[in-house]
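Q: Could you take a close look at one part of this model for me, the place where the two chains meet? I'd like the contact itself and any pocket beside it.

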Amino acid sequence: MEFPQDPTIDQLISLIEMMYTQHDTNEIKSIQSYLQTIQKSAKGYEVADALLLNEDVPLNSQFFGALTLTINIKLSLVNGEGLFEELARCIHSLLYRNIRYKMNNIFVVKKMFQNYSLAYRTFEPPAEWLNPLALFIAVLRSLDSQQLELDSSSPQNEAIPWLVQNQAINEIVLTFLSTYVEDFLKDNTNSEILIHKRVQNDIFPLWKHMMTTNLSNNVNTKASLKTLTTWFQYVSFVQVKTTLRYDLNDIWPVLIEVLQCTTDPEITTLCVELITEVFEDNPLMVNYQHRCQFDALFSSNWLLDKIAEYLNNQDFDSLNNLTSLIIAFLEIDSLQLASKLFTAEQSSKLQFLVNLTNFPSVPIMEEQISKQMLEFWSQLLDIFTDDLESLKQLSKQEWPEVETNSRRAFLSISQIYFNKIKLTPELLLHSDYHDNKREFESFRVDVGDLFDLLYTQLGLDLYKGLASTVGSFTTTVEEKEASYFLLASLSSNFSHANDELVHIIMDLFEQRFLDRITAQVNSLDSSKRDIYARYSIKFLGELGFFFKECESNNYLRQVIDYLFHGLKTYKMLNLTISKTIMEICDSCRLQLVDNINGFEPMLVEMITNNTVDPFTREKLVHSVCCVVQSLPSASNQEIYTTNIIGMIETTSTPLLMKAGSNGTLTDDELTYALSLLTCIHEVAKGLEIPDYLEEDNEEMFNQLRSFWMNYSGSIHTRINHLIQSFVLQADHLSRNSLLTERAIAIYKTGLVEDFGPFAMKYQDVISFATDLSTKCDLSKTLPHLLELCIALFNCGLKSKKVQYQEPISNEQITWVIRVFVQSHFDLIKEDPDLIQLTVTLFSALTNGKPSYLLYESKALQLIVEMALELLGYQEKFVIKSVAKFWNGFLAPRKVTEEQQIAWNKLIEVDIGPLLTFQVLRGMFETTRSNVDQYSSIVSLLIAKHPLKAQIWITDSLNKLHNEMLGEGKKGIENRDILSKKLAITRGSQRKCQELLKDTWKEVNGLDWIG
Amino acid sequence: MSSLLKNRLQEERKQWRKDHPYGFFAKPEKSADGSLNLQSWTAGVPGKDNTIWENATYPLTITFPNDFPSKPPKVRLPAGFYHPNVYPSGTICLSILNEDQDWRPGINLKQILLGVQELLDTPNPDSPAQEPAWRAFGKDRALYEKKVIEQAKKYAKAG
């Protein structure tokens, strides 16, 4: 689209109209862009004037004119001179047309009021119009005539009655008053006190007068209430931002009067919302005397009549608003309320609140009041826990009464909410249930939180009541479900149980409470069973604290039987059930030992049934293995492990044979194969010897160690063979990175173990990794292989491990470096992740066996060359790893005195100068946040090789300086001073850091940064 | 705990009760004696629907330092959590939780937890905090998604 170079007003108007009516977004964008250029140009102001002052201009274009002025003021394209009069002229013209021709241009007028306010916030007004109201009143006075005549001499006070009495003017003034302060709230940056003082001194008196007069005389009530809302927000804003204070107390009696007397529902809503906002956001605006007036109103029949009226009209929105108002009012001083509400004097108020909470009809679907009251009761309960001492002090001699009555009230509240969260048929069949199910669930969770607070007051009585519901023969399935839900929520907070709690739960088991829920749920329609059984399972998962105290196998047997039954019956709950089984088996492994055989049928089902969800299968295997690990006899552990491995072996063989004979597995078969391999990993993890065993049960630990150290059976070979059959026998399985990663993970888990079925010989691990490296997709699996090598070095070079097997030999180290680093160096060089892993591998080697490098010059050369080169990398994590490597390299541990001498020689003769140069070069080229990594190496060089380091630093700085000059850069000043200063730090990391950071800033021209 | 900190944390609690998004939870931890530790909270963030994070609620711990809200709270997922912007320790790397970046004292609990929920499905590849998830996210999206879905099962909602 082509646009005119020097457009006429008519051309602009037609473009503006086109912009507002056009549908093609590209066209709109191009017109917009053109018009924006005009707005910001020298002509912008003139264009705005022309659009605003001409009555024939369409409204959209007038609005565009007002917007143009906003941009000109905001970008200071105009100066204050003449601006205020010009704004007055435009506003006058717009208002004149509004009143005279009944033109519906109020949105343009509002925009101009915003400009007017913006101008007063942006520029210093001329002396005669310092008061923003004076100029505005002058405009209003001139509305009889088409021409604006500004007279700054006439007193404003005289104008006030006229402004209030004239209906049309009154409305315009209300709009002006709102608009003038509205943008203060949006424009957060402007908190200059002078501007706010002008509002307080010049505008506030008129505002207050208009509000009280309008509201008392029922003039423009709705508009006045809207203005009132804006001003309350503004006053709160100013009181937070400045030291100015407002007294609004004249307003409250008038407002209470309006609220009490009005019959217009819209006015009631406006009042209720307005007062709620004040109570919630800035209750200090209302003084004590007026709060008492509100209290009297809320305690009067007015409130009950209103509730009845809303109920009759089924006006639930208004009812909710009214509840919010009451809650906001009561919460102004919760402490005071808590001290009074439970006394005899206020019993009717308490009863009213309890009744309100127990509002009839279905929560969420039909009523929201009980949801709103949750917040109120929670707040009140907080006082009883967080501010108990203050509450007692405040209640004085009434405290015993408060304590007794509050307990009774809280018990009622618990009963009310218990009924509210039941999954009744009425709820489930409710027409709105489907749409509001989530909100109802959220409501239940909030009720669960309330019960946590109620528990602090009601203690085990609350728990006992819920427990008796689940244990009873007579309670309904809905009641049981709600109880399970709340018991699960309460139990999740417990870490240990006292005797009373233990007995409550023991009683449940003695009553065989799970039989009850099973029977009741089974009698339901199959589609509903999962719904009602869900929280019984969750509750059992939270009972770890109980089983720690009560070592009854019978109880655990009931739990496991119920969960296994659930696994078969409640298909939608499989995930939850398998997680619950895992949690229980993990935390109660010792107690479950006697039940181990009971797990077998389910384990067989899980492993051999390929339709079982993989996660469920894997977690169940893990669970059983946790129990196996706790069997008191090591040989029994071995037998069970062999059986499980055998089961996986038998199940996977047909799949793997199919894959091995060039048959590609289907996606489902592949998923199943991956899950079976994961099961082996879960066996390994489940059998991990807990850290506490050596300390807590030394005898058992020694028995296990002795068994496995003298073990001559074949389980290791079998496991090795099984893993390899998954990833080494079929090409397409070898190239499946999920399978290879899982196989590697099994070996990694085993490496951490000192003994046991998964503690493999290092050579077996190396052989597996080597074979896999020739078959796998290296782009995906090499990172995992390198991680395995890192784990291998971290474990295999540890002196602590020597008692279990020979450490990794120099030949094995050389092999690992050759096969996994040297052979794939081209691939590694291209990938920062692989580089980082390689450096970490080198660090593991340097930390574990530095002496190796003294005797293997080829490996040393490879490692040092690579680590030096990496000092020039930009990736933060590479720099971090390489700095860690050099830190380990410069301060090797586990070396003999002789080796240390050789090591020092190696650094001082060969590596030191080059390393210093590369470190400093890398440091100057890196970003500021990486400097610390480099300075840590420099400080260590100085600390370990003080005499040589100073020379290396001086030489390196000189060399770098020359290099920089050659590249046309500034170079490094005061090099000698720097190297001397560094030398006298004696390797203090902090001092080195400071010096090098300052130098970095100078070299990079950022020395102005603090 | 200073009264300023206590008031602010009580206010956080009040605001959370008043308005918290569906599926989220947050509450102060209880001490052994039943009293509340307002400086240490547990929370749960649901994965967004129709994303690979759905159907799970991810547990968080939130620790408010003594100089909160001048300093941000420390928000952690479980150690070893699989996400490019979560450190191996579980600490979350999110600009609104970083004092030197976008933290402002006005940021409330709801904004923090919504921020974490948003981060779950929209990782920031420029701020890697752990290697495995970052690597997979950048190079092997299918693997990344598979692992996230697997992790979601671990934190699956009840039922």
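A: Here's a walk through the interface, then the pocket that both chains line. Keep in mind that this is a predicted model.

Start with the head count: chain A brings 40 residues to the contact and chain B brings 29 residues. Putting the two together buries about 3200 Å², and carbon and sulfur atoms give 46% of that. On the side of chain A, Glu375(A), Arg438(A) and Asp833(A) supply 16% of the area that this chain buries against chain B, more than any other three residues.

Charge is a big theme here. By class, the side of chain A that touches chain B has 21 charged residues, alongside 10 nonpolar and nine polar ones. Between chain A and chain B there are 16 salt bridges. One of them joins the side chains of Asp382(A) and Arg17(B), with N to O at 3.0 Å. On top of that listing, the polar-contact rule finds 15 residue pairs across the interface, both partners at pLDDT 80 or more.

Which parts of chain A do the touching? Eight helices are not worth reciting in full, but those giving two or more residues include helix 19 (369-386), helix 23 (433-458), helix 28 (526-541) and helix 46 (832-848) of chain A. The largest share comes from helix 23 of chain A, with eight residues.

Now for the pocket. The second largest pocket holds about 850 Å³ of space. Its lining counts 26 residues, and the closest to its centre are Glu331(A), Ile332(A), Gln379(A), Glu11(B) and Lys14(B). So which elements build the wall? Helix 13 (265-281), helix 17 (334-341) and helix 19 of chain A give two or more residues each, together with helix 1 (3-18) of chain B. Helix 1 of chain B gives the most, with eight residues. Helix 19 of chain A turns up on both lists: it gives two or more residues to the side that touches chain B, and two or more to this lining. By class, the lining has 13 charged, seven nonpolar and six polar residues.

For contrast, look at the closed spaces. The count comes to five cavities of 30 Å³ or more, and the largest cavity has about 110 Å³ of space. Of its 13 lining residues, those closest to the centre are Leu687(A), Ile689(A), Phe755(A), Gly756(A) and Pro757(A). That lining has eight nonpolar, three polar and two charged residues.

Note on methods. Residues are numbered from 1 along each chain as its sequence is written. Chains are lettered from A and ligands numbered from 1 in the order in which they are written. This is a predicted model: local features need pLDDT of at least 70, side-chain atom pairs count only at pLDDT 80 or more; totals for chains, interfaces and linings use all residues. Side-chain values use heavy atoms; hydrogens and water are left out. Contact means heavy atoms within 4.5 Å. Buried area is the accessible area (1.4 Å probe) that two parts lose on being put together, summed over both. A salt bridge is a side-chain nitrogen of Lys or Arg within 4 Å of a carboxyl oxygen of Asp or Glu. A polar contact is a pair of N or O atoms within 3.5 Å; within protein, one must be able to donate a hydrogen and the other to accept it, and residues adjacent in sequence count only if both atoms are side-chain atoms. Helices (H or I, at least four residues) and strands (E, at least two) are DSSP runs, numbered from the N terminus. Ala, Val, Leu, Ile, Met, Phe, Trp, Tyr, Cys and Pro count as nonpolar, Asp, Glu, Lys and Arg as charged, and the others, Gly among them, as polar. On a 1 Å grid over the protein atoms alone, a cavity is a set of points where a 1.4 Å probe fits but cannot get out, and a pocket is an open set with protein on both sides within 12 Å along at least five of seven lines; lining residues have an atom within 4 Å of a point. Grid points are joined across faces, edges and corners, and a volume is the space filled by probe spheres set on the points.
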